[in-house]
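Biologist: Before I rely on words such as buried or stacked, I would like to hear the reasoning behind each of them. Could you take me through it, one term at a time?

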Amino acid sequence: MKENKFKQFFATSWAIDNRTSIYVLAIFISVLGLMNYFAIPKEQFPQVVIPYIVVNTAYPGTSPEDIENLVTRPLENELKSISDVKNITSNSVPDFSSIIVEFDPDLSIETAKQRVRDAVDKAKSELPTDLPNEPDIMDIDISAMPVMFLNISGDFDLDKLKHFAEITQDKIEGLKEITRVDIVGALDREIQIDADIFKMQAAKVTFSDIERAVSMENMTISGGILTNNGVRNTVRVVGQFKDVETIRNIVVHSSSGAFVKLSDIAKINDSFKEQESFARLDGKNVITLNVIKKNGANLLDASDQIVEIVEDLKNNQYPKGMDVTITGDQSLHTRNTLEELNNTIIIGFILVTIVLMFFMGFTNAFFVGLSVPLSIFVAYLVIPGLGFTMNMIVMFAFIFALGIVVDDAIVVIENTHRLHRFNPDINIAAKKAAGEVFMPILSGTLTTLAPFFPLAFWPGIVGQFMHYLPVTLIITLFASLFVAYVFNPVFAVSFMKHEYDEDFQKGSGWRKVKITIIIMLAFAAIFYITKVYGIANFLVFAVLLILLFHFVIKKAIDVFQNKLWPWVLREYERELRLILIGSRPVWILVGMIGLFFVTIFITGAVKPTVLFFPNSDPNNIYVYIKMPGGTDQNVTDSVTRIAEQRVYKIMGENNPDVESIISNVTIGAEEQGFTTTGTPFNRGKVSINFVEHKHRTSEYSTTEYLEMLRKEIVNIPGVEITVDKDQNGPPTGKPINIEVTSEDLEDLIVDAYAFRHYIDSLNIPGVEELKSDFEMNSPEIIVQIDRDRAQRLGLSTGQIGLEIRTALYGKEISKLKQDEDEYPIMLRYDENVRKNINSLVNLEITYRDMNSGMLRSIPLSTVAKIDYTSSYAGIKRLDQNVLLQFTRMCFRDIRPTTLCQS
C-alpha cells in the first residue's frame, strides 16, 4: 500500500528519526555552552577602536604661546599632509602640547599610528633640541582605561604610603589579566642641588662648572682588556655615585681657577620633587593605584584575585592604621548585569512554562521553556568565534532576546499538540506539524531580525559600541530557530501527551515524576557543592514547579481548558463576526490608518525627550573646581578642601549610601572623557562614590544629592564650580558645545564673546550662562632683553634664557643609580631666590668674554628689565585655526532637540 505523503521539514524529520543522537547533541551543546560561558571574558565595556591618534609633547617651563610656536605648529605642519585625516585638534598649555588627529573610521589604527609617527619624525628637526623626551604617540583604547582604583590611605607620610603602594603594584602586575598598574599621587624622589647665589658669585662658579663637575664624576667607564699571565682582565673605572654624600664632597673647578667643595656653595638634599598634585580619601592622604586590564582578559577573575591580594597584604604586610579602599570597580556592574542575565533566563523559563502549561500542559510547556537555555547555549558556542566578550551590550542583548526565543518553539509544539489529537502517531504528528509551519516561522523570524541587520553595519564610534547588540540578537534568534526545529520536536515525540486524557487526570505517572524529582535534586546538590548556584537554583525551581503543578495547577488547568478558554474563544468569535458585517471592515481599516497619522501628530506635538543614553540615578557625583589661570596648586588645594568640607556637610558623616569621597588636585582632576592637557594646577575635583543601588538605604536618591550639591556648593567666590554625574556609555561631551574658529586670535576673542553675549541675551529656558574654555588672564612675567647692551657685553639671548631657566626651573645634570632605579640630580638656585623676583633680577651671569678672554660677571638687571603682564592659559586649534569653545550643562529637564532649534 502506498504511504500517504505529507509536507515535512527534512531537518526535523531526520532529528525525530535519530532521537538518541539529538539527545547526545543537546547534552553536548549544554556542556560546551556552559564551558564557554565560564571561559568567555567578562568586562564592562565592549572593545571599541576609536580613530584618534594623540601626539603629546612635554616641554617643562614653557608658556602656552611658546608651546604653540615651538612645538604645536611644527608638528601640525607635518600632520596636515597625512591622508584620510578628518580633522586635527591641538591644545597648547603651560609645559605641554597635545595634538589629536582624527582619522576616517575605516582606516586601521596601526596604519594611522604609523602615518602619524612618520610625520612626527619629519618634524623633529624643527622642534626644540632641549625637549626632555621625544613626542609621545599613542592611540585611544577604552580597554586601557582603569577598571579599578586602589586607594592606599592612612595617617602616614606619602613616602611610606608609596613604599607599600609599590609592594601592591608588584603583586597585582604579576597577574596574567593585568597589563600594568599606575601609581598616582606619590612623591618622586629627587636629588636637589640648591645653589646659593651669593656664594656662587663670590667663588665665580657658574651652573656650567657645577654641571661639568657632577656629570664627569658620575661615570663608570670600561677601560678595555688587560692580559696578565695568560689571564684576560676587564679594566673598569668605577665612579658612579652610590650615595648623596659623594655628591656633597665633589670639588668644583671655577672659571676663575678656584677650587671649591660643592657643599660649600650649595645644599644637596635627598628629597622629593615639588608636589604638584594632591589626593585625599575621606580627608586622609592617599595614593591611588590605577589598575589597567589586558585587552580581552576576564574582568571578574582579575577583580577577585586583586581583592585576595589586598586582603593578604592587609593581614600580613600593611602596618596598623593603613587601609586600602577599592573604588571605581567596574566588575561590580558587570557582575550585577551577569547575575541579572542568569536570573532572567531562569525566571523567563519559569514564567514561560507557567503560562504555556495552561494551553498545552506541563510536559509540553516544560520542553518549550527549555528552548530558552538551549538557545543561549548555542549562542555561547558562536560568540567566542566572533571575538566577542561578555560585556554590558552583549548581556543586554541576551536579556532583550529572552522574550523572543520561545516564539518559534511555541508554534511548533502547539501545532504538534493540535495534530496529535487527530493522529495517534506522535512521530507523524511532529513531522507534519514542523513542515506545516516552517515557512511561516522562518518568515516571521526573518521579519523580526530585519531591523537589526542594518544596525550590524552602524558606522562610526557609536556604531562600534552598539554593533554587539544586533549581532548577538541575530545569533540568538537563529539559535532559537535551530532549537525549535531540531530539539523541540524530539522532546515532543518522547514526552508529549494530552493532559485531558483520563489516565492523566487520575494522576498516573506519579512514580516517574518522583524519580525525576530525586534525580534533579541530586544534580542540584552537586551544583551547590561546586558553587554553580545559577544552575542549582534553576533545578530547585523546576522541582518546586513540578510539585506545584501536580498538587495545585493541574486542576486549574482543567478549569481553564474546559471552561474559561472556550468562553474566551466564543466571545472572540462573536466580536469577530460583528466586525466583519457589511462595510465595517473598511471602516476598521480607515480607522487604523487615521490612528497612525494621529499618533505621528501627537508625537510631533508633544515632542518626547530625546537622549543618547537615559538619565538614571548616578553611581558617582563629581564636583569640579576651576581656579583662575596661573593659580598655584597649593591654593587650588586649599579651595578644594573648602569644597570638600561642604560635600561632607551635605552628604553627612558615615552616610551608608556613600562608599568613599576622594579629592584630587591637578592630576586626576580633569573632567570625564579623554583628556591630555598636561598638569592643570588650577583644577580640583571631589568624587562622591556611592554603593550599589541594591545596598542603598538613605531617604534621598543620588539624583537628589546631585541637586543639593549644585545648590549649596557653587557659591565659593572667584571659583568656577561644576557638579556633574558619571557618564553612561561612550563619552558624548556636554549637551551644549559651540565651537568658533578663526585664523587671528585677537579677532576670534572679540567675535566669540560677542556671540556668547548674544546667546545669553536670548534667555533660552534651561540654559545657564555659557562657559568658555579660554582663559585670558594667566599672569606672566616677561624678561625684556636689551639686545644692544647684551651683545656689546658678549651675551646672547640664549645664554640669558638658559641661565634663568636653570635658576628657576632647574636642570637635570645627571642621575643617581641605585639598584634598578634612577633618580634625577637637579641643579637650581635655592628656594629663597626662586620665589623672590628681586633676587632673580640681581643674579649675576658669569661667563668668559670670547673677544677679550676675560672672566666677567654681569647682573641681569643691566641687560634686561621685568614686565608684569598676563597671557593665555592655553591655546586650542582646530585644523590650524585658533579654536574657542563654549559649553554648558543643562540643569533642567530640557530636550536637546529644543535647545538645538533655539
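Modeller: What follows sets computed values against the cut-offs behind the words, and please keep in mind that this is a predicted model.

Biologist: Let us start with the whole chain; what makes you call it more spread out than a compact globule?

Modeller: The secondary structure of the protein chain comes to 31 helices and 29 strands. Its radius of gyration is 37 Å, whereas the globule rule gives 29 Å for 902 residues, and because the value is well over that figure, the chain is described as more spread out than a compact globule. Along the principal axes, the C-alpha trace spans about 130 × 85 × 55 Å.

Biologist: What share of the residues is buried, and how much area does the chain expose?

Modeller: Buried residues make up 44% of the 902 in the protein chain, and the exposed area is about 46,600 Å², of which carbon and sulfur atoms supply 56%. Among contacts between residues at least 6 apart in sequence, 77% join residues at least 24 apart. As for charge, the mean positions of the 86 positive and 110 negative charges are 6 Å apart.

Biologist: Turning to single residues, why is M466 called buried?

Modeller: The relative accessibility of M466 is 18%, and buried means under 20%, so M466 counts as buried. M466 is found in helix α17, which covers residues 460–466. Leaving aside neighbours within four places in sequence, M466 is in contact with I393 and W458, and its C-alpha atom is separated by 8.1 Å from that of L455, 11 residues apart along the chain.

Biologist: How do you know that S687 belongs in the buried class?

Modeller: S687 has a relative accessibility of 6%, and with the limit for buried set at under 20%, S687 therefore counts as buried. This residue is found in strand β18, residues 683–690. Beyond neighbours within four places in sequence, S687 is in contact with I621, Y622, S660, I661 and I662.

Biologist: What makes helix α13 mostly covered, and which elements do its buried residues pack against?

Modeller: Of the 10 residues in α13, 7 are buried, namely M392, I393, V394, M395, A397, F398 and A401. These buried residues pack against α11 (330–369), α12 (371–382), α17 and α18 (468–486). One of them, I393, is the residue already mentioned as a contact of M466.

Biologist: Where do F396 and F400 lie, and what makes their pair stacked?

Modeller: By the pairing rule the count comes to 19 aromatic pairs. F396 and F400 form one with 6.2 Å centre to centre and 5 degrees between the planes; the rule asks for centres within 6.5 Å and calls planes under 30 degrees apart stacked, and the pair is accordingly stacked. Both residues lie in helix α13 (residues 392–401), 4 residues apart, about one turn of the helix. F396, at 46% relative accessibility, counts as partly exposed, and F400, at 39%, is also partly exposed.

Biologist: Why, then, is the pair of F596 and F597 called edge-to-face?

Modeller: The ring centres of F596 and F597 are 5.4 Å apart and their planes are at 75 degrees; since planes over 60 degrees apart count as edge-to-face, this pair is given that name. F596 has a relative accessible area of 49% and is partly exposed, while F597 has 53% and is exposed, because the exposed class is for values over 50%. There is also an aromatic cluster formed by Y37, F38, F377, Y380 and F398.

Biologist: Why is K204 called partly exposed and N229 exposed?

Modeller: K204 has a relative accessible area of 30%, which falls between the 20% and 50% limits, so K204 is partly exposed. N229, at 75% relative accessibility, counts as exposed, because exposed means over 50%. K204 is placed in the loop between α6 (197–203) and α7 (207–217), and N229 is found in the loop between β8 (220–228) and β9 (231–238). K204 has a positive phi of about 55 degrees although it is not a glycine, and for N229, likewise not a glycine, phi is positive at about 55 degrees.

How values were computed
Residues are numbered from 1 along each chain as its sequence is written. This is a predicted model: local features need pLDDT of at least 70, side-chain atom pairs count only at pLDDT 80 or more; totals for chains, interfaces and linings use all residues. Side-chain values use heavy atoms; hydrogens and water are left out. Helices (H or I, at least four residues) and strands (E, at least two) are DSSP runs, numbered from the N terminus. Buried means under 20% relative accessible area, exposed over 50%, partly exposed in between (1.4 Å probe, protein chains only). Contact means heavy atoms within 4.5 Å. The radius of gyration is taken over C-alpha atoms; the globule rule is 2.2 Å times the number of residues to the power 0.38. Accessible areas come from the Shrake-Rupley method with a 1.4 Å probe; for residues, only the protein chains shown count as cover. Lys and Arg count as positive and Asp and Glu as negative; His and the chain ends are not counted. The place of a charge is taken as NZ of Lys, CZ of Arg, CG of Asp or CD of Glu. Rings of Phe, Tyr and Trp (its six-membered ring) pair if their centres lie within 6.5 Å; planes under 30 degrees apart count as stacked, over 60 as edge-to-face and the rest as tilted.
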